[in-house]
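This briefing covers charge pairs, the sheet and the nonpolar core of a single chain. Please keep the sequence and the model in view while reading.

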Amino acid sequence: MPNDGRNAAGARLRLVARDAVRAAKEADRPLSQRQLAELMAVKASHNTKRAGIDTAVADGAIRVEDGARRAVLHVYVRDLTDERDNR
């Protein structure tokens, strides 16, 4: 099926996003994107980790706020919901 590749990529991105949320939750403090990526335990490229963080932000599981000197900080909000829960 042609969607199998996209489904697998989407599932992988969800996994990476969940790890971003876990890392932000355990840190219990605002983190820069670099700090958050370093705390993520999942084996993934830097770009994949950034995409996972962006996915978690888009889903509302991590919020972004302004920090000192134009820093963008990431803060845990809630656990990432499973897409199947929304059906």
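Asp79 is partly exposed, with a relative accessible area of 44%; this value comes, like every other one here, from a predicted model. Its side chain meets that of Lys25 in a salt bridge, with 3.4 Å from N to O. Asp79 lies in the segment after β3 (72–76) and Lys25 in helix α1 (residues 4–27), so the bridge ties together parts that are 54 residues apart in sequence. Lys25 is partly exposed as well, at a relative accessible area of 41%.

**Other salt bridges**

- The search of the whole structure finds six salt bridges.
- Arg34 and Glu38 form one of them, and their closest N and O atoms are 3.0 Å apart.
- Both Arg34 and Glu38 belong to helix α2 (residues 33–39), where they are four residues apart, about one turn of the helix.
- Arg34 counts as exposed at 51% relative accessibility, because the cut-off for exposed is over 50%.
- Glu38 also counts as exposed, with a relative accessibility of 56%.
- A salt bridge joins Glu65 to Arg63, with 3.1 Å between the closest N and O atoms.
- Glu65 is partly exposed at a relative accessible area of 27%, and Arg63 counts as partly exposed at 40% relative accessibility.
- Asp19, Arg22 and Glu26 are joined into one network by salt bridges that share partners.

**Chain layout**

- The chain has three helices and three strands.
- Read from the N terminus, these elements follow the pattern α-β-α-α-β-β.
- The chain has 87 residues, of which 29% count as buried.
- Of the contacts between residues at least 6 apart in sequence, 49% join residues at least 24 apart.
- About 5,900 Å² of the chain is exposed, and carbon and sulfur atoms supply 49% of this area.

**Sheet**

- The three strands form an open sheet in the order β1-β3-β2, and the pairing is antiparallel.
- β1 (31–32) and β2 (62–66) stand at the edges with a single partner strand each, so one side of each has no neighbour in the sheet.
- Five bridges link β2 and β3, which pair in the antiparallel sense.
- Val64 has His74 in β3 as its bridge partner.

**Nonpolar core**

- The largest nonpolar core has 16 residues, and Val21, Leu36, Met40, Ile53 and Ile62 touch the most other members.
- Helices α1, α2 and α3 (46–58) are the elements that give two or more residues to this core.
- The most comes from α1, which gives six residues.
- Which residues is Leu36 in contact with, leaving aside its neighbours within four places in sequence? They are Ala20, Ala23, Ala24, Leu31, Ile53, Ile62 and His74.
- Two of the residues in contact with Leu36, Ile53 and Ile62, are also among the core members that touch the most others.
- His74, another contact of Leu36, is the bridge partner of Val64.

Technical notes:
Residues are numbered from 1 along each chain as its sequence is written. This is a predicted model: local features need pLDDT of at least 70, side-chain atom pairs count only at pLDDT 80 or more; totals for chains, interfaces and linings use all residues. Side-chain values use heavy atoms; hydrogens and water are left out. A salt bridge is a side-chain nitrogen of Lys or Arg within 4 Å of a carboxyl oxygen of Asp or Glu. Buried means under 20% relative accessible area, exposed over 50%, partly exposed in between (1.4 Å probe, protein chains only). Contact means heavy atoms within 4.5 Å. Accessible areas come from the Shrake-Rupley method with a 1.4 Å probe; for residues, only the protein chains shown count as cover. Two strands pair if DSSP finds at least two bridges between them. A nonpolar core is a set of buried Ala, Val, Leu, Ile, Met, Phe, Trp, Tyr and Cys residues joined through side-chain atoms within 4.5 Å.
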